[in-house]
Amino acid sequence: MTIFSWQFALGYLILAPFIGGFMTGLDRKISARMQGRVGPSLLQPFYDVSKLMQKETKIVNHLQQFMVSSFVIFVAFTGALFFFGGDLLLVFFSLTLAGIFYVLTASCANAPYSSLAAQRELLQMMAYEPMVLLAAIGFYLATGSFAVKDIAAADMSGIVMLPGFFLGFLFILAIKLRKSPFDLSTGQHAHQELVQGLNSDLSGFVMGLVEIAHWYENVFLFGVVGLFILNSHVWSIPVALVVCFLVYFLAILVDNVSARVKWKLLFTSAWIVTACTGVVNLLVVSLLHLAK
Amino acid sequence: MAKMSKSPWVLHYDAASCNGCDIEVLACLTPVYDAERFGVINTGDPKHADIFLITGGINEQCKDVVKQLYDQMPNPKVVVAVGICACSGGVFKETYNILGGADQVVPVDVYVPGCAARPESIIDGIVKAIGILDEKKAALKEGRLDEYEAAHCKKKQQEVEA
């Protein structure tokens, strides 16, 4: 039994912005409670985007609109392909392409803060990309298929064979969610050292689109987290949802208790963690296959 | 569509302040006052901001910066002068290097007096600014923002004179 189908992909395209926005609202509420504040309403991210959409859009370079639209389209495509049950490798390549469009959005502004943030974002991509690709390979070794549909329909949850991959993926999830200590290129929190990083020169409607793209991306990322848990049994679906929530809570907690790191530490730690978790797990799974 | 007033993002600029008002501005975001309850975010980016909050008097050095920040903010936008120095120049009004309040360079919508301005009065000023933001949004939609601002400035001037 698998829930991955074209109906699920369509559901993602329509509902992901609402779920993603709600998740961001939950993040801000939980963060506020952790800091002893009341915090904004759960619907605050929707008010924010609605306001951004109503504001004047100051365009620095007309290429920006094209890049941002491509970013949104490819992020949505990535998620739709994933929830359709498509090829995991294609899903991850499409995510990288979306990321590159986002980098180009910032670098085409030709402004110092945006350019610096664009370079940092490329560096972040270099830091997390090995783990992302390894995760796809891990799923293949564990289930014998790259197709999300088949992976989710396996008899055993992926995490049983791939605990190292799961831990490694959690680490890079902090980079992908743009949370402390890895919010180098841009983040939700105001007063970044790079003004607003990648978003510095975006305003109004274009900025609203970027927010929506992030919501799409977050829902997709938690889809991948859930994929580690899903198997052919129906009860794995609620378990996957609970695991996703716990992982999100952990990310928020880490975000609130840590300061931003320098790029060298981000880069080396991401690769070391990838080597210690993903690569070691990969070797063990490969040996098991040989032993069979 | 939700009203703009549900998500006021504030850009805070310290012109030539003694930091007294700046500390009070930041106090608004602490657990005691928690302005984020109302969606207020203290952003560092003029292109994302709705409310321009200026503390301190204006001098020759920061004059262009204030103008630049104001120009970079997308419409509709509201300017709030926090503290007596930003309102009129305060005790520094007659000094050779101070030009006066923030209204010497950009049109100010709300004046928050005090030395230093209390967090309560700053929040009160922001609430007033939010109301003006909605009015400006409506004016912008009807294409009469310039008209509205001219009338608004005139009204302010009459109030100050009275």
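Colleague: What pLDDT does chain B average in this predicted model?
Modeller: The model is predicted, and its confidence is reported residue by residue. In chain B, 96% of the residues score at least 70. The average pLDDT of chain B is 86.

Colleague: Which ipTM does the model score?
Modeller: Two scores are reported for the model as a whole. The pTM is 0.90. The ipTM is 0.88.

Colleague: Which pattern does chain B follow along the sequence?
Modeller: Chain B contains 5 helices and 7 strands. Read in sequence order, these elements give β-α-β-β-β-α-β-α-β-β-α-α.

Colleague: What radius of gyration does chain B have, set against a compact globule?
Modeller: The C-alpha trace of chain B spans about 50 × 40 × 30 Å along its principal axes. For 162 residues, a compact globule would have a radius of gyration near 15 Å, so chain B agrees with that expectation at 15 Å.

Colleague: What percentage of contacts in chain B, between residues at least 6 apart in sequence, join residues at least 24 apart?
Modeller: Turning to the interior, 44% of the 162 residues of chain B count as buried. Among the contacts between residues at least 6 apart, the share in chain B joining residues at least 24 apart is 80%.

Colleague: Which element supplies the largest share of the side of chain A that touches chain B?
Modeller: The contact takes 28 residues from chain A and 20 residues from chain B. On the chain A side, α2 (44–54) and α9 (204–227) each supply at least two residues. The largest share there, 6 residues, comes from α2(A).

How values were computed:
Residues numbered from 1 in each chain as written. Chains lettered and ligands numbered in written order. Predicted model: local features only at pLDDT ≥ 70, side-chain atom pairs only at ≥ 80, totals over all residues. Contact = placed C-beta atoms within 7 Å. Helix = DSSP H or I, 4+ residues; strand = E, 2+ residues; numbered from the N terminus. pLDDT = per-residue confidence, 0-100. Rg over C-alpha atoms; globule rule 2.2 N^0.38 Å. Buried ≥ 20, exposed ≤ 12 C-beta atoms within 10 Å, placed from the backbone.
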